[in-house]
Amino acid sequence: MKTPALLPDRPQVHYPDSDGKPMADNTLQFRWIVTLQGGLDFLFRDDPQVFVAGDLLWYPVEGDPKTRAAPDALVVFGRPKGYRGSYKQWEEENLPPQVVFEVLSPGNSPREMAEKRRFYDRYGVEEYYLYDPDLNRLSGWRREAGGLQPIPEMNGWSSPRLGVQFDLSGEELRVYGPDGRPFATYVELGRREEEARRQAQEAHQRAERLAAQLRALGIEPES
C-alpha cells in the first residue's frame, strides 16, 4: 500500500498592522481625524453591531497583503465592536466598510487621492467623504449604479447611512448628529461637561436657598 503524498504546507501570509506611515502630517489634520472618529464612535456607542475605527488597515482580499488602505475613519454596519489589529474583510463576513472618511493634508497629492477613491470604489464602499480643513472644502461620493458617484452639493447634505448632516456655512466644517448636536473636539467636550456641572451646581444651590427660605417661614420643603 502506497503512502499518500503529503501536500506542501501553504505559506502563511503576513498582514501587517501598520503601514509605517504617520497617522497625520500636522495638528489640524490630526484634530479632524480624531474628531470624526470620536464623533462616529459616540454616535453608534449603543449599537453593538457597528464597528468604528480610525487609521486602521483594511485588507479586502485574502492572500494579498499588498492590497490595502487605511482610511482616516471607517464605519462598518453589521460587525461587532472590539479590538482589531487590522480589518481583514474575509474574517468579517466579507463586509467592507460602508462609509469612509479621509482628511487632506498638504502632503497628499491629487494622484494619491484619486488612487484612494478608485480603491474605495472597487472594494464596495457606499459613501466616501474627503475633507480639506485648510480650504474648508468637503467632497463626497455615494454608490449609485454600481459605482461611487459625486454628490453635487455637500453643504446641508445628510448621509443616508450615518444620519449625520454636514454644514459648510462657517469657517470650518460642522458635522451634526441626528439629535442636532455637533461633533466636538476633546476640548469642546470638556467645556460642555464643565458647563453641565456648573449648571447642576447652581441649580442645587438655588434649591438649597429656597428650602432655607421655606423653613424660615415654618414650612418644611418636600424632599
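This report walks through a predicted model of one protein chain, from its overall build to a few single residues.

## Overall build

The protein chain has 223 residues, and 39% of them count as buried. It holds 3 helices and 10 strands. Read from the N terminus, the elements run α-β-β-β-β-β-α-β-β-β-β-β-α. A helix therefore opens the series and a helix closes it, with one more helix between two runs of strands.

Contacts often bridge long stretches of sequence. Among contacts with a separation of 6 or more, 56% join residues 24 or more positions apart. The accessible surface of the chain comes to about 14100 Å². Carbon and sulfur atoms account for 51% of that surface.

## Two nonpolar cores

In soluble globular proteins, nonpolar side chains tend to be buried together. In this model, the largest nonpolar core has 27 residues. Val75, Phe101, Tyr129, Leu162 and Phe166 touch the most other members. Several elements each supply at least two residues of this core: α1, β1 (50-53), β3 (73-77), β5 and β6 (127-132). The largest share, 4 residues, comes from α1.

Another core lies apart from this one. It has 19 residues, among them Phe51, Tyr87, Val100 and Leu148.

Leu162 gives a close view of the largest core, being one of the residues that touch the most other members. Leave aside its neighbours within four places in sequence. Leu162 is then in contact with Leu40, Leu43, Phe44, Val75, Phe77, Val99, Phe101 and Pro178. Two of these partners, Val75 and Phe101, are also among the residues that touch the most other core members.

## The largest pocket

Rolling a probe the size of a water molecule over the atoms shows where empty space is left. The largest pocket in this model has a volume of about 630 Å³. Its lining is made of 28 residues. Asp19, Lys21, Ala70, Glu112 and Lys116 lie nearest the centre of the pocket.

Two elements give two or more residues to the lining: β5 (99-103) and α2 (110-122). The largest share, 6 residues, comes from α2. By type, the lining divides into 12 nonpolar, 5 polar and 11 charged residues. Strand β5 also supplies at least two residues of the largest nonpolar core.

## Around the β6-β7 loop

Leu135 and Asn136 both sit in the loop between β6 and β7 (137-144). Their surroundings differ. Leu135 has a relative accessible area of 52%, over the 50% cut-off, so it counts as exposed. Asn136 has 15%, under the 20% cut-off, so it counts as buried. Asn136 also has a positive phi of about 50 degrees, although it is not a glycine.

Glu172 belongs to another loop, the one between β9 (165-167) and β10 (174-176). Glu172 is partly exposed, with a relative accessible area of 29%. Not counting residues up to four places away in sequence, Glu172 touches Arg31, Trp32, Tyr131, Asn136 and Asp167. One of these partners, Asn136, brings the β6-β7 loop into contact with Glu172.

C-alpha distances add to this picture. Glu172 and Pro133 are 39 residues apart in sequence and 7.0 Å apart in space. Leu135 and Glu172 are 37 residues apart along the chain, with their C-alpha atoms separated by 8.5 Å.

## Ala145, in the next loop

Ala145 is placed in the loop between β7 and β8 (147-150). Like Asn136, which has a positive phi of about 50 degrees, Ala145 has a positive phi, of about 55 degrees, and is not a glycine. Asn136 is buried, whereas Ala145 counts as exposed at 90% relative accessibility.

## Val13, ahead of the helices

Val13 is found in the segment before α1 (27-43). Its relative accessible area is 38%, so it lies between the cut-offs of 20% and 50% and counts as partly exposed.

Val13 also meets a later part of the chain. Leaving aside its neighbours within four places in sequence, Val13 is in contact with Gly63 and Pro65. Val13 and Pro65 are 52 residues apart in sequence, yet 7.4 Å apart in space, C-alpha to C-alpha.

Technical notes
Residues numbered from 1 in each chain as written. Predicted model: local features only at pLDDT ≥ 70, side-chain atom pairs only at ≥ 80, totals over all residues. Heavy atoms only, no water. 1 Å grid on protein atoms, 1.4 Å probe; cavity = no way out; pocket = protein on both sides within 12 Å on 5 of 7 lines; lining within 4 Å. Points joined across faces, edges and corners; volume = space filled by probe spheres on them. Nonpolar A, V, L, I, M, F, W, Y, C, P; charged D, E, K, R; others polar. Buried < 20%, exposed > 50% of the residue type's maximum accessible area, 1.4 Å probe, protein only. Contact = heavy atoms within 4.5 Å. Core = buried A, V, L, I, M, F, W, Y, C linked by side-chain atoms within 4.5 Å. Areas by Shrake-Rupley, 256 points an atom, 1.4 Å probe, with all protein chains shown as cover.
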